[in-house]
Amino acid sequence: MKEAMFYQKRSNGDIDCLLCPHNCHISEGNLGFCKVRKNQNGKLYTLNYGKITGAAYDPIEKKPLYEFYPGEIIFSIGSYGCNFRCDFCQNYQLVYDHERYSDADIDRLWELAGANGSIGIAYTYNEPTIWYEYMYDISCGIRDRKLKNIMVTNGYINQEPLKKLLPLLDAMNIDLKAYSDAFYKKICSGTLEPVLKTIETAANCTHIEVTTLLIDGENDRDIEAIAKFLGDINSDIPLHISRYFPRFKRNTPVTDVNSLYRAEEIARKHLNKVYLGNI
Ligand code: SF4
């Protein structure tokens with residue numbers, strides 16, 4: 001356990017967590033929505049600090065990042081927990097199992113990030129925002145070692161922690177799951193606006209690529225708005241349109257390949273770099 005970086009105390013001992021837009025109000029002994037931040041004796045603690053549920057040397061294209069050191073390998077790590085509840089979660093076994101993890105030594109992670117041909121480290125698999133303090137501590141050492149530092153995220157983070165982290169990041173892949181607040185509320189238990197703000201802020205500071213998992217009948221009509229939003233920031237932002245497969249709590253049919261081709265054609269009206277994934 002480590003004390004969290006972004007929170008405020010109330011006079012009655014309750015806490016407001018300021019890390020992500022849920023801004024959870026947490027009373028003594030309770031957890032925030034992500035279930036990895038706890039109010040203990042009037043202080044907020046992060047419960048998954050130093051706990052790893054997955055580690056692998058991945059091709060950088062798997063993040064996905066296609067326009068950042070293509071062909072290279074990146075040491076990838078993740079923990080448990082998430083600040084969304086997407087019913088199609090691709091990594092739900094890692095995200096929701098809070099018992100199965102290994103304690104990781106930070107010096108060893110720095111070593112591994114520069115070994116086996118890896119160009120650095122990627123925080124991925126679960127949502128790294130809620131692993132913030134550990135990611136931040138690793139990031140400082142990664143920078144000192146001149147390795148690359150990458151965050152793969154749902155973008156649901158408040159501006160203050162984001163701006164503190166951005167100078168340490170070399171690239172981000174940010175999910176833009178839909179262009180509808182209703183989708184974010186119903187399917188992810190989040191909201192759209194903070195994700196858009198993350199993309200705008202990050203695009204000015206680091207290399208970003210964006211991913212949309214296309215689900216027929218849910219967000220397939222949002223592609224034009226997504227591409228226009230990104231194109232208005234910078235038409236060279238790569239957009240990855242990824243094919244949905246039934247997972248976790250969602251068993252609606254796999255996305256029709258023709259929907260992906262249609263989405264690609266629409267997105268290309270606003271963006272120069274559109275990639276299809278999971279086909
Ligand atoms: S990081 Fe967790 S505890 Fe903090 S506001 Fe977000 S969901 Fe709530």
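Okay, let's start with a cysteine. At 7% relative accessibility, Cys86 is buried, because anything under 20% gets that label. Keep in mind that this is a predicted model, so every value here is computed from it.

Now, who is Cys86 bonded to? Going through the whole structure turns up zero disulfides. Cys86 is in none of them, and its nearest cysteine sulfur belongs to Cys188, 3.6 Å away. A disulfide needs the two sulfurs within 2.5 Å, so this pair doesn't make the cut.

Another cysteine, Cys24, has a relative accessible area of 19%. That is also buried, because the limit is under 20%.

Cys24 takes us to the ligand, since Cys24 is one of the residues around it. The others in that shell are Cys17, Leu19, Cys20, His22, Asn23, Ile26, Gly32, Phe33, Cys34, Arg37 and Ile130. How does the shell split by class? There are eight nonpolar, three polar and one charged residues. And the space the ligand takes up is the largest cavity.

Next, the strands in that part of the chain. We have an open sheet of three strands, ordered E2-E3-E4, and the pairing is antiparallel. Strand E2, residues 7–9, and strand E4, residues 25–26, are the edges; each has a single partner strand, so one side of each has no neighbour in the sheet. Strand E3 covers residues 15–17 and is joined to E4 by two bridges, running antiparallel. In that pairing, Asp16 sits opposite His25 of E4.

Between E2 and E3 there's a loop, and Ser11 is in it. Is Ser11 buried or exposed? Exposed, with 86% relative accessible area, because the label asks for over 50%. Ser11 is also 9.5 Å from Gly42, C-alpha to C-alpha, though 31 residues separate them in sequence.

Last stop, further along the chain: strand E15, residues 239–243. Five of its five residues are buried. In a regular strand, side chains alternate between the two faces of the sheet. For E15, Leu239, Ile241 and Arg243 are on one side, with His240 and Ser242 on the other, and all of them are buried, so both faces are covered. Yes, that list does include Arg243.

And what does E15 pair with? Strand E14, residues 207–214, in the parallel sense, over five bridges. Within that pair, Thr212 stands opposite Ile241.

That's my tour. Happy to pull up any of these on the screen.

Terms used. Residues numbered from 1 in each chain as written. Predicted model: local features only at pLDDT ≥ 70, side-chain atom pairs only at ≥ 80, totals over all residues. Heavy atoms only, no water. Buried < 20%, exposed > 50% of the residue type's maximum accessible area, 1.4 Å probe, protein only. Near = heavy atom within 4 Å. 1 Å grid on protein atoms, 1.4 Å probe; cavity = no way out; pocket = protein on both sides within 12 Å on 5 of 7 lines; lining within 4 Å. Sits in = over half its atoms within 2 Å of the grid points. Nonpolar A, V, L, I, M, F, W, Y, C, P; charged D, E, K, R; others polar. Pairing = 2+ DSSP bridges. Helix = DSSP H or I, 4+ residues; strand = E, 2+ residues; numbered from the N terminus.
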